[in-house]
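Subject: Structure handover and findings

Hello,

Here is the structure for you to look over. Please open it before reading on.

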Amino acid sequence: MKDFSYTAKDSETGKIIKGIIQADDQPSAAAVLTEKGLFPIDITSKEAGGLSFSSIPFLNRISTKDKILFTRQLATLVKAGLPITQALNTAVDQVSSKKFKEILLKIKASVEGGSSLSKAFGAYPQVFNNVYVSMVAAGETSGKLEEALLRLADQLEKEAEIRSKIRGAMVYPAIVLVVIIGVLAFMLGAVLPQITALYKDFNKALPVFTVVLQAVTTSLFKFWYIYLIILIAAVAGIRAYSKTPNGRKTIDNLKIKAPPFNKLMQKLYMARFCRTLSSLINSGIPILEALRLSGDAVNNLIIKESILAVAQEVKSGKALSAMLAKDTNFLPLVHQMIKVGEDSGELGDMLDKVATYYENEVDQIVKNLSTLIEPVLIIVLGVLVGFIILGVLFPVYNLVGTG
């Protein structure tokens, strides 16, 4: 038996009660409280804390796949007519992540205590963002919760698919780069010292470039830990800078303007913006709130500022398409299709079509990513080969020629 601290609502008086209860696990503790006429709001283990694998965020991360499966299953159960608490209970049983299950059990307890589903989700912003919560709230208000959940599952699925394809496309260039570095390390660490010894045996002076290369190589191998510290410090510094307002703005600006990946990032952000705005509008969320939430979902500060600026103009009565047309951060097709949607009264559907178009464009660019990176890799390889020829092979030919 374990000790659990709990917060619950008395079903008769409506008072909030806090205390400690013994049970095997959280579901058992919730069942005991329910039998006592209490609606659980929060149940937390009282076990002594300590360092464990479950306390490490990276190892305890809740994956997008888990959220997609849960959302889709919950939508199916709600559509089947099950009460929300029963639907939650059934959907939670299908979750494999221990941490995610703990959070969902707390959400279930909150709903049983009288909280709305959207409010219960909103208590965990690290798992369910503002877009997720707002779409669930809109679904509850309109009586179409299952539709809102299905849209959420579809949106999460599309975003996860794009991220997976981008990561997959980077595997080949990463492998090539590792091989290049490995060959360079072998030539400098194994071949160069032999050439140096050979010149010493012949009492001849090494070429200047080879001397410089030898000095750099010796420094790298002898003081590798210093260079490692410098590298770690540089990475940490960049990460810290990226978390500041100015740093994030600079990096986000480079993402959409610096070649060679600016076109890919622009289309990715357009797809994300249109998909999110479409889902929010189709869920019944007012346009101004939908724009604000879409700005958060895009995850680029420059694009977000543009969206918020456009929202202010829309608030004053101006057309969304006209304002987007004036902003160079938005690709032309976006405002053109939005104009069609405004005129036809099918804005949500037009946004959905634009999102699909740009998602296909991103997919095509990602498929060609290896081809796009190949020239860069060839240039890098050419430079490294040049260094090897000048510093390693040229001295050998020179020695043979003068011998």
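Below are the findings, grouped by region.

First, the basis. This is a predicted model, in which local features need pLDDT of at least 70 and side-chain atom pairs count only at pLDDT 80 or more, while totals for chains, interfaces and linings use all residues. Residues are numbered from 1 along each chain as its sequence is written, and side-chain values use heavy atoms, with hydrogens and water left out.

Helix names follow DSSP: helices are runs of H or I of at least four residues, strands are runs of E of at least two, and numbering starts from the N terminus.

**Helices α7 and α8**

Start with α7 (residues 145–169) and α8 (residues 171–201). Their axes come within 4 Å and cross at roughly 25 degrees. The axes are lines fitted to C-alpha atoms, for helices over the stretch in contact, and angles run from 0 to 180 degrees between N-to-C directions. The two helices are therefore roughly parallel to each other. The cut-offs: under 35 degrees is roughly parallel, over 145 roughly antiparallel, 65 to 115 roughly perpendicular, and the rest oblique.

R167, G168 and A169 of α7 meet V171, Y172 and P173 of α8. Contact here means heavy atoms within 4.5 Å. By class, this contact has 4 nonpolar, 1 polar and 1 charged residues. Nonpolar covers Ala, Val, Leu, Ile, Met, Phe, Trp, Tyr, Cys and Pro; charged covers Asp, Glu, Lys and Arg; the others, Gly among them, are polar.

Two of these contact residues also have partners far along the chain. G168, in α7, is partly exposed at 45% relative accessibility. The bands are buried under 20% relative accessible area, exposed over 50%, and partly exposed in between, with a 1.4 Å probe and protein chains only. The C-alpha atoms of G168 and K367 are 9.5 Å apart, with their positions 199 residues apart along the chain. For P173 the partner is T371: 198 residues apart along the chain, 9.9 Å between C-alpha atoms. T371 sits in helix α18 (residues 369–402) and counts as exposed, at 53%.

**Cavity**

The whole structure holds 1 cavity of 30 Å³ or more. Its volume is about 90 Å³. Cavities and pockets were found on a 1 Å grid over the protein atoms alone: a cavity is a set of points where a 1.4 Å probe fits but cannot get out, a pocket is an open set with protein on both sides within 12 Å along at least five of seven lines, and lining residues have an atom within 4 Å of a point. Points are joined across faces, edges and corners, and a volume is the space filled by probe spheres set on the points.

E159, I162, R163, L268, A271, R272, R275 and E359 line the cavity. Helix α12 (262–282) gives the most, with 4 residues. By class the lining has 3 nonpolar, no polar and 5 charged residues.

**Second largest pocket**

This pocket holds about 650 Å³ of space. It has 20 lining residues, and K67, N129, E159, R163 and A297 are the closest to its centre. Helices α2 (64–79), α6 (130–142), α7 and α13 (287–298) each give two or more residues to the lining. The largest share, 5 residues, comes from α7. The lining has 9 nonpolar, 6 polar and 5 charged residues.

**Single residues**

S278 is in α12. At 1% relative accessibility, S278 is buried. S278 touches G348, L351 and D352, leaving out residues up to four places away in sequence.

T217 is in helix α9 (residues 208–222). T217 is also buried, at 7% relative accessible area. With the sequence neighbours up to four places away left out, T217 touches L188 and L192.

K255 is in helix α11 (residues 245–257) and is partly exposed at 32%. Not counting residues up to four places away in sequence, K255 touches F261, N262, M265, Y269 and N300. K255 and N300 are 45 residues apart in sequence and 8.7 Å apart, C-alpha to C-alpha.

Last, N299. This residue lies in the loop between α13 and α14 (301–315). Its phi is near 65 degrees, a positive value in a residue other than glycine. N299 is partly exposed, at 44%.

Best wishes
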